Amino acid sequence: MLFDLDGTLLDTAPDLTIALNELLKVKNKAPIAPDIARNHVSQGAVAVTRLGFPDVIDEIEFEELRQEFLRHYAENICIETDFFTGMSDLLNEIEASGTPWGVVTNKPAWLTEPLLEKLSITQRAACIVSGDTTGKRKPYPEPLLYASEIINLAPANIVYMGDDPRDIYA
């Protein structure tokens, strides 16, 4: 059993919203309501940054904003993040059955690893594949195929749970 991270296994929306609103405050812009930001979290840092800065069309300026957003997020990566209701129990049941499970996310390793470590997931997961682990990210299948190699199961014997169309395509 493999899981997407943001929006599937973990509710990271509160911390991502905090990071976005910190950046908006620095840039003298109005904050984004948490319920609005939540709808963009599964689409990644580009979508969250775009939500806060929809009028920025210069690619270099936008990339600088995205990187600043990620720095804010990294500084507060696990303040309010937690498992979605029932997911911790599900992992316990999966482990009790002897079934390996892991994480396949587009979040880069420099953010994935500290987050999973803080939630004591790293030692439990049979594999962790981040967005920069392979040469391509979801929606390409490479991350899922790599995870299947790590856990030594054929892709046909793996269930992948995600909340974004990229997860389905992968």
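Trainee: In this predicted model, does Asn152 count as buried or exposed, and what is its relative accessibility?

Mentor: Asn152 lies in the loop between helix 7 and strand 6. The cut-off for an exposed residue is a relative accessible area over 50%. Asn152 therefore counts as exposed, at a relative accessibility of 67%.

Trainee: What is the phi of Asn152?

Mentor: Most residues other than glycine have a negative phi. Asn152 is not a glycine, yet its phi is positive. The value for Asn152 is about 60°.

Trainee: Which residue in the loop between helix 6 and strand 5 has a positive phi although it is not a glycine?

Mentor: The loop in question joins helix 6 (109-118) to strand 5 (127-129). The residue is partly exposed, with a relative accessible area of 44%. Its phi is about 55°. The residue is Ser120.

Trainee: Which residue just after helix 5 takes a positive phi?

Mentor: Helix 5 spans residues 87-96. Just after this helix, a phi of about 85° is found. The residue that takes it is Gly98.

Trainee: Within what arc do the buried residues of helix 5 fall?

Mentor: The buried residues of helix 5 are Met87, Leu91 and Ile94. An α-helix has 3.6 residues a turn, so residues three or four places apart point the same way. The buried residues of helix 5 line one face of the helix, because, seen down its axis, they fall within an arc of 60°.

Trainee: Which residues are exposed on the other side of helix 5, and which strands are included in what covers its buried residues?

Mentor: On the side of helix 5 away from its buried residues, the exposed positions are Asp89, Glu93 and Ala96. The cover over the buried residues includes strand 1 (2-3), strand 3 (82-83) and strand 6 (160-161).

Trainee: How many of the eight residues of helix 3 are buried?

Mentor: The buried residues of helix 3 are Ala45, Ala47, Val48, Thr49, Leu51 and Gly52. They pack against helix 1, helix 2 and helix 4. Helix 3 is largely enclosed by the rest of the structure, because the number of its eight residues that are buried is six.

Trainee: Which residues does Ala45 touch, not counting those up to four places away in sequence?

Mentor: Ala45 is placed in helix 3. It counts as buried, at 19% relative accessibility, since the cut-off is under 20%. Its contacts beyond the sequence neighbours are Arg66, Phe69 and Leu70.

Trainee: At what angle do helix 3 and helix 4 pack, and how far apart are their axes?

Mentor: Two packed helices are described by the angle between their axes and the distance between the axes. Helix 3 and helix 4 are roughly perpendicular to each other. Their packing angle is about 105°, and their axes are 10 Å apart.

Trainee: How many nonpolar residues are in the contact of helix 3 with helix 4?

Mentor: Helix 3 contributes Ala45, Val46, Val48, Thr49 and Arg50, while helix 4 contributes Phe62, Leu65, Arg66, Phe69 and Leu70. By class, one residue of this contact is polar and two are charged. The nonpolar residues number seven.

Trainee: Which element gives the most to the largest nonpolar core?

Mentor: The largest nonpolar core has 38 residues, and those with the most contacts inside it are Leu9, Leu10, Phe69 and Trp101. Two or more residues come from each of helix 1, helix 3, helix 4, helix 5 and helix 6. With six residues, the element that gives the most is helix 1.

Trainee: Which residues are included in the second, separate core?

Mentor: In soluble globular proteins, nonpolar side chains tend to be buried together. The second core is separate and has nine residues. Among them are Val104, Cys127, Ala147 and Ile158.

Trainee: Which residues does Ser42 touch, not counting those up to four places away in sequence?

Mentor: Ser42 is in the loop between helix 2 (34-38) and helix 3 (45-52). It counts as buried, at 18% relative accessibility. Its contacts are Asp6, Gly7, Asp163, Asp164 and Arg166.

Trainee: How far apart in space are Pro141 and Arg166, C-alpha to C-alpha?

Mentor: Pro141 lies in the loop between strand 5 and helix 7, and it is partly exposed, with a relative accessible area of 34%. Pro141 and Arg166 are 25 residues apart in sequence. Their separation in space, C-alpha to C-alpha, is 9.7 Å.

Conventions
Residues are numbered from 1 along each chain as its sequence is written. This is a predicted model: local features need pLDDT of at least 70, side-chain atom pairs count only at pLDDT 80 or more; totals for chains, interfaces and linings use all residues. Side-chain values use heavy atoms; hydrogens and water are left out. Buried means under 20% relative accessible area, exposed over 50%, partly exposed in between (1.4 Å probe, protein chains only). Helices (H or I, at least four residues) and strands (E, at least two) are DSSP runs, numbered from the N terminus. The arc is that of the directions from the helix axis to the C-beta atoms. Contact means heavy atoms within 4.5 Å. Axes are lines fitted to C-alpha atoms, for helices over the stretch in contact, and angles run from 0 to 180 degrees between N-to-C directions. Angles under 35 degrees count as roughly parallel, over 145 as roughly antiparallel, 65 to 115 as roughly perpendicular and the rest as oblique. Ala, Val, Leu, Ile, Met, Phe, Trp, Tyr, Cys and Pro count as nonpolar, Asp, Glu, Lys and Arg as charged, and the others, Gly among them, as polar. A nonpolar core is a set of buried Ala, Val, Leu, Ile, Met, Phe, Trp, Tyr and Cys residues joined through side-chain atoms within 4.5 Å.
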